[in-house]
Amino acid sequence: MPPRIPGPQGLMSMTSTLTQKEKEKVRRAKQDPYRWQQAQQRRNRNLERQQVLQVDRDAAYGDPVFGHITPFVESFDSGGQSSLSEVRRDDDGNPLEEPHPLPTSENILNYQLTKEELDAAIAESYKLTKPLPSRASVLQDKGLEEIELKEHEERHKRAVEALNRITTLENASNKDKRHANIRRIIETFGRHETDTQLRQKPLAEGQTERIEKIRGGPDTGSSEVQIAILTAKIRVLAKMLGGRKGNKDKHNKKNLRLLLHRRQKLLKYMERRERGSGRWSHMIETLGLSPATWKKQIEVR
């Protein structure tokens, strides 16, 4: 005789697909509909609040490439020469925002020059090219000397104007602007300047005094200096790839990934060694680096 297989006892057991928790919800809704409606409203408000908080967290987490754009980072585009930011416009040419002020470094010029060096060279050349007065008082012609002085002033004025056009960063190439930005970064983040201005991290356990390093010149190798230089290079490369045909440039996409991962490695090192110190906070606030630039995996598509 074949074994007997127990089957469903009734039609309700075949059609009932609700879990025990769902049955409990239906029972409560039937018992007190007003209380059930209040619970649903609280649940919906909690879900809306969670969505708002998630949007805030995503905004604080930032972009892994640009982070939070600050005025100092925006000034990289002009090499520190423009005092106002570029205004974004729509398709019709209407401005979408008002320009805001940017930090400038007007003393930095092209060809590794400074404003003081150029002014000193111009003053020296004016002194050397100025016509000398005639020593013989008998042969002295005041009218001729005045003409020579006037011509000298005009030639000097044209030469100064030509030098200003040559040395200005407004006419410089991207390579020259990058060199100017590196000089600005060294002045801003170099430890030969910041060690006396920013708060240092506390001494380690058992350490009685801070060891001061002897520097032979401007600091160019500190982690914050290298991170700022990489940020300037990343901004130029990312803006170029964001153009009309940037998605086809696979070679520069690879270069961008290398720069991002190199910066991420340095940021993790800085976070481990200097988190909470003045160097860390100064770098994060000035460059606008968000947690997305050094946490988790960075992808460029």
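**Exercise 1. Helix α6**

Which residues of α6 are buried? Determine also what they pack against, and check the length of the helix.

*Solution.* The model is predicted: local features require pLDDT of at least 70 and side-chain atom pairs count only at pLDDT 80 or more, whereas totals for chains, interfaces and linings use all residues. Residues are numbered from 1 along each chain as its sequence is written, and side-chain values use heavy atoms, with hydrogens and water left out.

Step 1. Helices are DSSP runs (H or I, at least four residues), numbered from the N terminus. Helix α6 covers residues 142–167.

Step 2. Apply the burial criterion: buried is under 20% relative accessible area, exposed over 50%, and partly exposed in between (1.4 Å probe, protein chains only). The buried residues of α6 are then E145, H152, H156 and T167.

Step 3. Search for contacts, that is, heavy atoms within 4.5 Å. The buried residues of α6 pack against α5 (115–129).

Step 4. The expected span of a helix is 1.5 Å times one less than its number of residues. For the 26 residues of α6 this gives 38 Å, and the end C-alpha atoms are 37 Å apart, so the two values agree.

**Exercise 2. The pair α5 and α6**

At what angle do the axes of α5 and α6 cross, and within what distance do they come?

*Solution.* Step 1. Axes are lines fitted to C-alpha atoms, for helices over the stretch in contact, and angles run from 0 to 180 degrees between N-to-C directions. The axes of α5 and α6 cross at roughly 155 degrees and come within 11 Å. That makes α5 roughly antiparallel to α6, given the classes: under 35 degrees roughly parallel, over 145 roughly antiparallel, 65 to 115 roughly perpendicular, the rest oblique.

Step 2. The crossing is right-handed, a term for a near helix turned clockwise from the far one by less than a right angle.

Step 3. On the α5 side, K115, L118, I122, S125, Y126 and T129 meet a set of α6 residues that includes H152, H156 and T167. By class, this contact has five nonpolar, six polar and two charged residues. Here Ala, Val, Leu, Ile, Met, Phe, Trp, Tyr, Cys and Pro count as nonpolar, Asp, Glu, Lys and Arg as charged, and the others, Gly among them, as polar.

**Exercise 3. The pair α7 and α9**

Is α7 roughly parallel or roughly antiparallel to α9?

*Solution.* Step 1. Helix α7 (residues 174–189) packs against helix α9 (residues 223–241) at about 150 degrees, with the axes 9 Å apart. That makes α7 roughly antiparallel to α9. The crossing is right-handed.

Step 2. R178, I182, I185, I186 and F189 of α7 meet E224, V225, A228, I229, A232 and K233 of α9. By class, the contact has eight nonpolar, no polar and three charged residues.

Step 3. Among the buried residues of α7 are I185, I186 and F189. The cover over the buried residues of α7 includes α4, α8 (191–194), α9 and α11.

**Exercise 4. The segment after α11**

Is I298 buried or exposed?

*Solution.* Step 1. I298 lies in the segment after α11. I298 is buried, with a relative accessible area of 6%.

Step 2. Not counting residues up to four places away in sequence, I298 touches P64, L260, H261, Q264, A292 and T293.

Step 3. K296 is in the segment after α11 (278–287). At 68% relative accessibility, K296 counts as exposed.

Terms used:
Helices (H or I, at least four residues) and strands (E, at least two) are DSSP runs, numbered from the N terminus.
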